[in-house]
Amino acid sequence: MNSNDEIKVNEVYVKFDGANPTGSFKDRGMTVAISMAKYLGVNVVACASTGNTSASMCAYAARANIKPLIVLPKGNVAKGKLAQAILHGAEIVFVGGGFDDALKVIIEASKKGLIYPLNSINPWRIEGQKTVGYEIVDEVGVPDWIVIPVGNAGNISALWKGLVELKKIGLIDKLPRLAGIQASGAAPLVKAYRESLDKPVFIEDPETIATAIRIGKPVNWPRALKAIKESKGVLIDVSDDEILQAQRLLARREGLGVEPASAASIAGLRKLREEGVIDRNERVVAIATGHALKDPDTASSHYVKSYEVKDVNEALSLLHKLITQ
């Protein structure tokens, strides 16, 4: 990163999963899970989503000629993600409440055999998502830390699973520490970690600008807490203001446009460095999970200077003034 001077860590890499086909890390698990659904002869796949899962599932389902059905929390999905699902032909059920209510619908429907669920309760999703660990090791070796946003906690669980397997078969000889980052308004795992609880106290109405991690009842919490414990890692939360500052930093210093949930990893890294948890000389990889265009409203909310002129001559005069001042 060019902005290491602001983060105060000498060697930081950003693993940008926003360049995947539908613009988020969800594609890693979805391509595997949809391939398995096709193999099993499934006719309908379904998921609950804050946006990225549904966008990915619908794209891969379309490619596999499988009907996609999605359950979304009404009014709580970023426009970019919803547009993708619509474009790929989803049938959509909007449910009152948050993501956790939508997921409850999917879980109950799958128990009744009505649908094939493609949330991260599906183990094939985890198998695909663990490849991010493989790529990090292949690209930069084993870092001291991997910093990752945490919502439903499937990604941190998958990451750790992949790394442990690499060590088990002898392809790496050490493991990194994990830092899981949640938004302050949706941080049940952070509370469990800080208070040494056996399980999290779920949040009924989570709230954060980072919609992708606006989840109060993460279903993968046992594996996530296990990953943090085994890696001697940490869980911390960051405010929406810290997330937005990190989003601007990545965009304006690195040329990386990421959605708010992705920026949480950079915000968390900055805080961990300030608190002395991460040392300046340690090698760190921060995972950015989704593209900025997933949430165009937030991306366009950042302030920039703008001007309005009446004609070409006035525009040229203004440009000369701006360049020479």
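Strand S3 (residues 67–73) is largely enclosed by the rest of the structure, because 5 of its 7 residues are buried. The model described here is predicted. The points below start with S3 and its neighbouring strands, then turn to an open sheet of 5 strands, to the packing of helices H7 and H8, and to the loop residue Val 219.

**Strand S3 and its partners**

- S3 runs parallel to strand S2, and 5 bridges join the two.
- Two residue pairs show how these strands line up: Ala 46 has Leu 69 of S3 as its bridge partner, and Val 44 stands opposite Lys 67 of S3.
- S3 is also joined to strand S4 (residues 91–95), again by 5 bridges and in the parallel sense.
- Between S3 and S4, Val 71 has Val 93 of S4 as its bridge partner.
- To get from S3 to S4 the chain passes through helix H4 (residues 79–87), and this β-α-β crossover is right-handed.

**Strand S2**

- Strand S2 covers residues 44–48, and 4 of these 5 residues are buried, so S2 too is largely enclosed by the rest of the structure.
- S2 forms a right-handed β-α-β unit together with helix H3 (residues 52–64) and S3.
- Besides its bridges to S3, S2 has 2 bridges to strand S5 (residues 116–117), and S2 and S5 run parallel.
- Ala 46 has a bridge partner in S5, Pro 117, as well as Leu 69 in S3.

**The open sheet of 5 strands**

- This sheet is open, has parallel pairing, and follows the strand order S1-S9-S6-S7-S8.
- Its edges are strand S1 (11–16) and strand S8 (234–238); each has a single partner strand, so one side of each is left without a neighbour in the sheet.
- From one strand to the next, the twist averages 25°.
- Within the sheet, strand S6 (residues 145–149) pairs with strand S7 (residues 177–183) over 5 bridges, in the parallel sense.
- One of the residue pairs between S6 and S7 is Val 147 with its bridge partner Ala 179.
- In a regular strand, side chains alternate between the two faces of the sheet.

**Helices H7 and H8**

- Two packed helices are described by the angle between their axes and the distance between the axes.
- For helix H7 (residues 131–140) and helix H8 (residues 154–168), the angle is about 55° and the axes are 7 Å apart.
- H7 and H8 are therefore oblique to each other, since an angle of 65 to 115 degrees would be needed to count as roughly perpendicular and one under 35 degrees to count as roughly parallel.
- On the H7 side, the contact is made by Val 132, Gly 133, Tyr 134 and Val 137; on the H8 side, by Leu 159, Gly 162, Leu 163, Glu 165 and Leu 166.
- Sorted by class, the residues in this contact are 6 nonpolar, 2 polar and 1 charged.

**Val 219**

- Val 219 sits in the loop that lies between helix H9 (188–194) and helix H10 (221–230).
- The relative accessible area of Val 219 is 29%, so this residue is partly exposed; a buried residue would be under 20% and an exposed one over 50%.
- Leaving aside residues up to four places away in sequence, Val 219 touches Leu 103, Ser 120, Ile 121 and Asn 152.
- Val 219 and Ala 85 are 134 residues apart along the chain, and their C-alpha atoms are separated by 23 Å.

How values were computed
Residues are numbered from 1 along each chain as its sequence is written. This is a predicted model: local features need pLDDT of at least 70, side-chain atom pairs count only at pLDDT 80 or more; totals for chains, interfaces and linings use all residues. Side-chain values use heavy atoms; hydrogens and water are left out. Axes are lines fitted to C-alpha atoms, for helices over the stretch in contact, and angles run from 0 to 180 degrees between N-to-C directions. Helices (H or I, at least four residues) and strands (E, at least two) are DSSP runs, numbered from the N terminus. Angles under 35 degrees count as roughly parallel, over 145 as roughly antiparallel, 65 to 115 as roughly perpendicular and the rest as oblique. Contact means heavy atoms within 4.5 Å. Ala, Val, Leu, Ile, Met, Phe, Trp, Tyr, Cys and Pro count as nonpolar, Asp, Glu, Lys and Arg as charged, and the others, Gly among them, as polar. Buried means under 20% relative accessible area, exposed over 50%, partly exposed in between (1.4 Å probe, protein chains only). Two strands pair if DSSP finds at least two bridges between them. A crossover is right-handed if, with the strands pointing away from the viewer, the path from the first strand over the helix to the second runs clockwise.
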